[in-house]
Amino acid sequence: MSQAGTSTLEVSPATVSISSTSGSSATFEITSNSTWTITDDATWLSFSPASGSNNETISVQSSSANTSATARTATVSIIGGSLTKSVAVIQSGSKTNQSIIFSVIPAKTFGDPIFTLSASASSGLPVVFSSVSDKISITGNSVTILQAGNVIVVASQPGNNSYNPASAEQSFCVNPIKPSITITNENTPAPTLTSSSAVGNQWYRNDLLMPNGSNSNLVVSEPGEYKVQVKVDDCLSAFSNPFPIIITGDVNSSRTEIRLFPNPVGNKLEIAGVNESIEELSAVDLFGRIVKLPVEQNGEMYQTDVSNLSSGPYMLTIKSGQTIHKIRFIRK
């Protein structure tokens, strides 16, 4: 405790910092039992109040921006009786803006190996990569793919005493893997195609989108070439391999006794196992177009020339006596 009549004067803190912009401010506290006045040694600083008594909060404010990259300091003097205290006011220097050059990240496919990111800051300072996506993980500049979907990666540089922070971002797709198709109920009027993906499917028939074909299973009622594509977010897989379907529900039960070879075939198709003479032979393509074929008999074997057919799947229709046989073959 001070003795009666003894002046006391304290300031806190002894140093305050303000930003480089004009109008930036800070405060400090005066603790005193007497009157006091304030002066400073800088033209770019103002303070309020300039005088008073006892305890007070003092506000200091820059009247101009510090355009230099180097910080500047003003000394504020508080005089109370025979006592003088000082506060250092430090205005930071103006930081230089920096920019990030972030290389484009090409689309990836789920299952691709670890890949690296590339970015640089105009300041030459190191860049840090981050992402909130659960579809990837990042270690340093290495990215591990965890699942399919859209991904945003941020390249950032936090800045320092000379440079402001900067960031840039890139988005890219991790596309789903190419789906495959399996078939059940194959030799029925309504075979079922199944995509290897449980979600995100879109089916196509003869390259036309099927409006109701978004399930993993597709019951087929029409001949054609079917394929499926998988979508996650806005990221698309490659199309599956085309799957040709020729509806065979009207195939005679005796069809399994007939053999075609080679199958797939080049130019000449051999037919074996027909019990009666072949009266008529034709091929039906995926679009239902019928092409009559010549037939030659050689003992118990028959032969036909399919060289005029385009490559793809066909249904061979054999009229023999009162029986019509239908067997699928592929023209190479």
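Four aromatic pairs are found in the structure, which is a predicted model. One of these pairs brings together Phe102 and Phe129, whose ring centres lie 5.6 Å apart with an angle of 45° between the planes, a tilted arrangement. In terms of sequence, this contact links distant parts of the chain: Phe102 belongs to strand S10 (residues 100-102) and Phe129 to strand S14 (residues 128-130), with the two positions 27 residues apart in the numbering. Phe102 is buried, at a relative accessible area of 9%, and Phe129 also counts as buried, at 12%.

A further pair is made by Tyr204 and Phe239. Here the ring centres are 5.1 Å apart and the planes meet at 85°, so the pair is classed as edge-to-face. This pair, too, links distant parts of the chain, 35 residues apart: Tyr204 comes from strand S21 (residues 201-205), while Phe239 lies in the loop between strand S25 (235-236) and strand S26 (243-245). Tyr204 is buried, with a relative accessible area of 14%, whereas Phe239 is partly exposed, with 31%.

Phe239 also has a charged neighbour. The charged end of Lys227 sits over the Phe239 ring, 4.3 Å from the ring centre. An arrangement of this kind recurs at Phe115, where the charged end of Lys108 sits over the ring at 4.4 Å from its centre.

Turning to the strands, it is worth recalling that strands of a sheet pair through backbone hydrogen bonds, in either a parallel or an antiparallel sense. One open sheet consists of three strands in the order S12-S16-S15, with antiparallel pairing. Strand S12 (115-116) and strand S15 (136-139) stand at the edges of this sheet; each has a single partner strand, so one side of each is left without a neighbour in the sheet. S15 pairs with strand S16 (residues 142-145) through four bridges in the antiparallel sense, and Thr139 stands opposite Ser142 of S16.

Strand S7 offers another view of antiparallel pairing. Strand S3 (residues 25-32) pairs with S7 (residues 56-62) over six bridges, again antiparallel, and Ala26 has Val60 in S7 as its bridge partner. S7 is also joined to strand S5 (residues 45-48), by four bridges, and these two strands run antiparallel. Leu45 stands opposite Ser62 in S7. S7 therefore has pairings with both S3 and S5, since two strands count as paired when at least two bridges are found between them.

Note on methods:
Residues are numbered from 1 along each chain as its sequence is written. This is a predicted model: local features need pLDDT of at least 70, side-chain atom pairs count only at pLDDT 80 or more; totals for chains, interfaces and linings use all residues. Side-chain values use heavy atoms; hydrogens and water are left out. Rings of Phe, Tyr and Trp (its six-membered ring) pair if their centres lie within 6.5 Å; planes under 30 degrees apart count as stacked, over 60 as edge-to-face and the rest as tilted. Buried means under 20% relative accessible area, exposed over 50%, partly exposed in between (1.4 Å probe, protein chains only). A charge sits over a ring if NZ of Lys or CZ of Arg is within 6 Å of the ring centre and within 35 degrees of the ring normal.
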